[in-house]
Amino acid sequence: MTANITDYLVLLFYLSIIFTIAFYSRKKKYGNSDVNDQYLAGKSLTFTESICSIIATEVSALTFLGIPSFTLGKDYSFVQIYFGAIIGRVFIAKLMLPLIYDKGLTIYSVMGQGGSHNGQRAIASFYALNKFLAVGVRLFSGSILVAEFFNIGIYMAVFLICCLTFVYTLIGGLKAVVRTDMLQMALFISGGIIAHYLIPLNSEYTWSELISQASIAGKTSFIDFQNLTPFIIGVLGGILFDMSTHGVDQDFVQRLTANHSLKRAQQAIFLSGFLSVAVGFLFLSIGALLWAFYQHTPMPQMPNDKVFAYFITQYFPVGIKGLMVAGVLAATMSTLDSTINALSSTFHADIFQRKVASEKLKTIFRNDTLLITFILMIVAFIASKSDGVLLLGLKITSWTAGSLLAIFFATVVLRISKISTQLVLGAYITGPALVALNTFVLKWDWNFNVYLGFGASLIFCYLYSKLAQQVTP
């Protein structure tokens, strides 16, 4: 079904607002440092900006398209991770955030204090590698509907999204990223709500009847009281997984450390957990509605990841279709822009550890942004060959997230060791090695990956610190 001119106008209107916000954000100086202005918005973020930006960043196109596909293939059990995330964010707010707030430009700068510069460079490099892989998958996911909408290839859709995000991220820095995130969060949540109205409207059944049909088939189940083990595993997995993403990932950390006060940052990360649960249920329910809808309506053979995109292009009315595409584009760009800014700050402070004059900062930021966008685009091209992008994106992170969290605990929380290249390499060998053992031999639930990686890496850090103390005279 070809898009109408109205759909294009809706999409164009959305993009014009995004770029207007970016241009407006670049005009004002927020802090007394050009570096802090560029990467931390001069520590000017409000509570509302922080919490909306957190939600917009975590709710990528994997949520918009991937979570409905999860329900199509299974049930609501994915929400277990969100329940665990609420607990994880309590630890972030009370334990982790006070140790890093106002202590450095990036969290890896804080981890590197007292240690070697090469160790700081190593931990930031491993973070960047993992981020490229995980977000590249999310970029591909968000390109699915854009490709369907414009009737273009997936590679061209990825390229267009990257170009748009590159330009407006370059214009306004973190402040522009956060302000556009607020708009994008409102847009993709509105899109989810509209889907709840339009799916029943295009069927012979009411919303409650479709949900009831899905419920009878077990699609809305997320806890089995006869067997609580899967639920407990999911919640436990969500706790440490969320601490590894929102607690030590510069992408999320910068939304907290750029807040104008520690207290507001703590409130933002804690309350965002409850909003995440609500958003999770919103999009899981879309999958349930789609499953029930297609029990009565023929559908071409296609992967679950593309079902929602197909429904939008085939059944949504003129104008609303453009709004939904804007919603997916918003979700994708909000993830991509924050990643670009986070990685560029890591490049500047940790990997290259630059000391540059203010007048050169814009040029350096532009070059870093171009390189980061190009790498993400290549990863998305590779990810386009995979199915099941939701779990793929999460599993990529689960392989190394535990090691990153362990190094943070060893160097900042417990202070049992100082960062060094050997410490980082050892942690990133032992952690993923145990995850590999689980993946290919033990075959426990993938939610255990972060725990296994965290435990193995933390033990290595402790043993390495004891050995280093004995060797040092």
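**View 1. Ile5 in helix 1 of the predicted model.** Ile5 lies in helix 1, an element that covers residues 5–26. The relative accessible area of Ile5 is 56%, so this residue is classed as exposed.

**View 2. A nonpolar patch on the surface.** Ile5 is joined here by Tyr8, Leu9, Leu12 and Phe150. Together, these five side chains make up a nonpolar surface patch with about 480 Å² of accessible area. Helix 1 is the main contributor to the nonpolar patch, supplying four residues.

**View 3. Cys162 and Cys163, without a disulfide.** Zero disulfides are present in the structure. Cys162 takes part in none, and its nearest cysteine sulfur, which belongs to Cys163, is 7.0 Å away. A disulfide requires the two sulfur atoms to be within 2.5 Å; the sulfur of Cys163 is therefore too far from that of Cys162 for a bond, at 7.0 Å. The two residues also have their own exposure classes: Cys162 is buried, with a relative accessible area of 2%, whereas Cys163 is partly exposed, at 33%.

**View 4. Helix 10, residues 229–246.** Helix 10 has 18 residues, and at 1.5 Å a residue its expected span is 26 Å. The C-alpha atoms at its ends are 25 Å apart, in agreement with that expectation. Of the 18 residues of helix 10, 14 are buried, and the helix is therefore largely enclosed by the rest of the structure.

Methods. Residues numbered from 1 in each chain as written. Predicted model: local features only at pLDDT ≥ 70, side-chain atom pairs only at ≥ 80, totals over all residues. Heavy atoms only, no water. Buried < 20%, exposed > 50% of the residue type's maximum accessible area, 1.4 Å probe, protein only. Patch = residues over 30% accessible without salt bridge, like charges linked within 9 Å, V, L, I, M, F, W, Y side chains within 5 Å. Areas by Shrake-Rupley, 256 points an atom, 1.4 Å probe, with all protein chains shown as cover. Salt bridge = Lys/Arg side-chain N within 4 Å of Asp/Glu carboxyl O. Helix = DSSP H or I, 4+ residues; strand = E, 2+ residues; numbered from the N terminus. Expected span 1.5 Å × (residues − 1).
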